[in-house]
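Reader: I'm new to this one. Could you walk me through it?

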Amino acid sequence: MVRPARRRGRTTLLVAVAAVLGVVAGTCTGFVVQANREPTALPPLSQPVVKQAEGEVAPLSAAQDRHVKVNGDLRKLLLKRPKGARDAEISVGDDGWLDMAEYADLYKKPAGAFSDLATDHFRRAAVTNWRQGSTYFVEIHLVQFRQDGSLSAADWTSDAQYYASEESDTDSWEIPGTGDGWAYVHNTPDRKPGYLPLYEAEAHATRGDIAMTIWVYDSSPIGKKKIMDLAKRQMGRL
């Protein structure tokens with residue numbers, strides 16, 4: 001469950017610089033073209049009057065307004081534990097919440113992860129997990145950011161997807177209806193003397209200011225259907 005601290009690669013910087021240069025180049029070209037054109041007559045000032053619609057627009061209900069949902073108790077948006085599932089015997093913080101230090105501690109380099117979370121304006125994290133049988137474990141994180149001046153949730157998801165895709169012998173699929181969601185199955189298990197082999201699957205997606213992560217572990221191979229079903233149902237709740 002411990003992941004390496006995320007890395008901001010050069011690609012993000014190069015894309016940002018390219019976007020800025022593209023805007024500047026487009027603006028300069030526009031000035032040159034316009035300067036060589038004959039003046040265009042202005043349209044008449046009088047325009048048809050559009051009749052104002054009568055009545056008031058009904059406000060969205062709490063069920064329809066996503067901001068009402070995600071600004072409430074984030075834990076209520078987590079998937080419910082399946083019938084018959086047990087505690088995973090892994091700490092998930094105080095009543096399903098993790099503060100920034102606790103969440104950063106899940107990474108191999110907590111100090112680096114803490115710095116990244118602070119830079120990205122971490123708001124809160126809701127977590128759940130469960131165990132079915134003796135070897136099947138599921139853990140789900142919903143991490144919410146304040147999104148002050150940047151799309152932090154999407155950035156966090158993108159970095160997690162980068163690391164997942166870099167794992168050898170990995171299959172991946174887009175999660176339908178999510179826009180940026182991907183699911184991954186790592187086919188080579190982690191083997192250590194005296195322990196059962198540990199297979200792993202994961203899913204990462206974004207919904208607004210929330211980065212969703214799902215981890216699945218088992219002693220036998222994990223199929224696409226299992227991780228995709230969890231991912232689609234969890235994103236549906238958001």
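Author: Sure. One term before we begin: helices and strands here are DSSP runs, numbered from the N terminus, with at least four residues for a helix and at least two for a strand. Keep in mind that this is a predicted model.

Reader: Okay, so where does Asp169 lie?

Author: Look past helix α5, which covers residues 152-166. Strand β4 takes up 170-174. Asp169 sits in the loop between α5 and β4.

Reader: And what is the phi of Asp169 near?

Author: Asp169 isn't a glycine, yet its phi is positive. Asp169 is also partly exposed, because its relative accessible area is 43% and that class runs from 20% to 50%. As for the phi of Asp169, the value is near 55 degrees.

Reader: Which loop holds Gln147, and what is its relative accessible area?

Author: Gln147 is in the loop between β3 (136-145) and α5. Its phi is positive too, near 55 degrees, and it is another residue other than glycine. Gln147 counts as partly exposed, with a relative accessible area of 23%.

Reader: Let's move to β7. How many of its residues are buried?

Author: Side chains in a regular strand alternate between the two faces of the sheet. In β7, Ile210, Met212, Ile214, Val216 and Asp218 point one way, while Ala211, Thr213, Trp215 and Tyr217 point the other way, and all are buried. So the strand, residues 210-218, is largely enclosed by the rest of the structure, and its buried count is nine of the nine.

Reader: Which strands pair with β7?

Author: β3 pairs with β7 in the antiparallel sense over eight bridges, and Val143 stands opposite Ala211 there. β6 (residues 198-207) also pairs with β7 in the antiparallel sense, over nine bridges, with Arg207 opposite Ile210. That gives β3 and β6.

Reader: Which residue in the turn of the β6 and β7 hairpin has a positive phi?

Author: The hairpin leaves two residues between the strands. One residue in that turn has a positive phi of about 65 degrees, and it is Gly208.

Reader: What about helix α4: which of its residues are buried, and where do they fall?

Author: In α4 (residues 110-119), the buried residues are Ala113, Asp116 and Leu117. Seen down the helix axis, they fall within an arc of 100 degrees, so they line one face of α4.

Reader: What covers them, and which residue follows α4?

Author: The cover over the buried residues of α4 includes α3 (100-104), β2 (122-132), β3 and α5. After α4 comes a residue with a positive phi, near 60 degrees: His121.

How values were computed:
Residues numbered from 1 in each chain as written. Predicted model: local features only at pLDDT ≥ 70, side-chain atom pairs only at ≥ 80, totals over all residues. Heavy atoms only, no water. Buried < 20%, exposed > 50% of the residue type's maximum accessible area, 1.4 Å probe, protein only. Pairing = 2+ DSSP bridges. Arc of directions from axis to C-beta. Contact = heavy atoms within 4.5 Å.
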